[in-house]
Amino acid sequence: MKGFAANEKNRLENATTQTKVGIIGAGPVGLLIGNLLLQAGIACIIVEQQSRDYIEHRARAGLIEYWVVDYLRRYGLADRLLREGAAHARCEFRYRRQRFSLPYASLCGDRTHYVYPQQELVKDLVASFLNAGGDLRFETPALCVSKPATTTPTIHSSTGDIVCDLIVGCDGFYGVTRPSLPSAAFTIFEKQHEFRWLALLAAAPPSTDQIIYGLHERGFAGHMLRTSKVSRFYLQCADSDSLNSWPDERIWSELEIRLSLDEPWSLTRGPILEKSFLDLRSFVCEPMQYGRVYLAGDAAHIISPAGGKGMNLGLADAAVFIHAVRAFYERQDDTFLAAYSQQCLPRIWRAQEFSHWMLSIIHPPAPDRPNATFMHQLQIAQIERLRRSRAAAESFAEDYVGYNMVLE
């Protein structure tokens, strides 16, 4: 046993490497940071616990804000997105078998979203990073982070230690970066929402040319766009439901009921590829840094899918971090690193407020809730206000399309 321990110690010592920036997690956030560090000539290493095949086929978000597309284009990372993604300028609300389309782009300087599946963006960023000679270590879980408050913060991975100048944890809510830091250094804000969604991915061409938010007394239904052959759907469901409660026929029938109109419209069916439950929660960690370790994306904040903000917020963190790191290495200016949290958090809280508001208007109150019928009438009044008030529609559009990234 002693000999084994000594051999393991020697193996890890021999496997120790050094770099300027250590990145934990090869999702869109970590990959964007890695690509832009390489372009700036700043050495970095990305460690990722999953295989390349896994991360390149993991279906997640699909709505990319206009500023993200401009940002990726600026750095030569948007070629396939612009070629194969679809620009979207409107979304649709359905209620009481009526619908109205809200032209958010025209209300907000012609800023459009792009629908482009997250896994496709991941493929693009992985290829770009590796083609540029980047060090991306798949199937290499980070075990923990040590010495965060020193000038040599260290990632301890399954294949050895990586000694860094700076570390950024892009490893999600359940990653190791945040738990490796002193809990007393952070304030946690969180809310478990009273809603639960059944999330579905179907091999079904979209039945719409714009995202649909369906308000119905039986519960929320969402029709999201992904590709010309695949669609994502959401159905509000009971906490007590199991996946066995939702056979395919019930799913399609319920979508048809909740999205129905008093005019001709049909829902295109297809094989359901994935189904899972989403227990909606919101979470923010303040600050988003400790010593020389920084948190980005889901490692620092979780937001409900309402409004499509999650991935975009994480990519905004990446943009702020890159700006700060370049100032640190190019001008020996650590002002922006020190202000990383202050730069990110106002945008995060604004998105949280918008997402919370969206949840409040698209989910019917539970029938046993006091004043449920009154509250439902208020929801309808809010939707009608969006429909009939340009000022209300413009306010919605400003939040929905995303916020300008101003880095000084």
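Student: Angles between helix axes under 35 degrees count as roughly parallel, over 145 as roughly antiparallel, 65 to 115 as roughly perpendicular and the rest as oblique, and I'd like to know which of these describes α10 and α12?

Tutor: Helices α10 and α12 are oblique to each other, since they pack at an angle of about 120°, with their axes 10 Å apart. Axes here are lines fitted to C-alpha atoms, for helices over the stretch in contact, and angles run from 0 to 180 degrees between N-to-C directions. Please keep in mind that this is a predicted model, in which local features need pLDDT of at least 70 and side-chain atom pairs count only at pLDDT 80 or more, while totals for chains, interfaces and linings use all residues. Residues are numbered from 1 along each chain as its sequence is written, and side-chain values use heavy atoms, with hydrogens and water left out.

Student: OK, and which residues make the contact?

Tutor: On the α10 side they are R350, F354, W357 and M358, and on the α12 side F396, E398, D399 and Y400, where contact means heavy atoms within 4.5 Å.

Student: Where do those two helices sit in the chain?

Tutor: Helix α10 covers residues 340-362, and α12 covers residues 390-401; helices (H or I, at least four residues) and strands (E, at least two) are DSSP runs, numbered from the N terminus. After α12 comes G402, which has a positive phi, near 105°.

Student: Which residues of α12 are buried?

Tutor: They are A392, A393, F396, A397, D399, Y400 and V401, with buried meaning under 20% relative accessible area, exposed over 50%, and partly exposed in between (1.4 Å probe, protein chains only).

Student: F396 came up twice; what about F93, which touches it?

Tutor: F93 lies in strand β6, residues 91-95, and is buried, at 0% relative accessibility. Leaving aside residues up to four places away in sequence, F93 touches Q98, R99, F100, L102, Y213, L215, I361, I383, L386 and F396. F93 also lies 9.6 Å from G222, C-alpha to C-alpha, although 129 residues separate the two in sequence.

Student: New topic: how many disulfides are there?

Tutor: The count is zero, taking a disulfide as a pair of cysteine sulfur atoms within 2.5 Å.

Student: Why is C170 not bonded to C44?

Tutor: The closest cysteine sulfur to that of C170 is the one in C44, and at 11 Å it is too far for a bond. C285 is likewise in no disulfide, as the nearest cysteine sulfur, in C344, is 12 Å away.

Student: And are C170 and C285 buried or exposed?

Tutor: C170 is buried, with a relative accessible area of 12%, and C285 is buried as well, at 0%.

Key: The expected span of a helix is 1.5 Å times one less than its number of residues.
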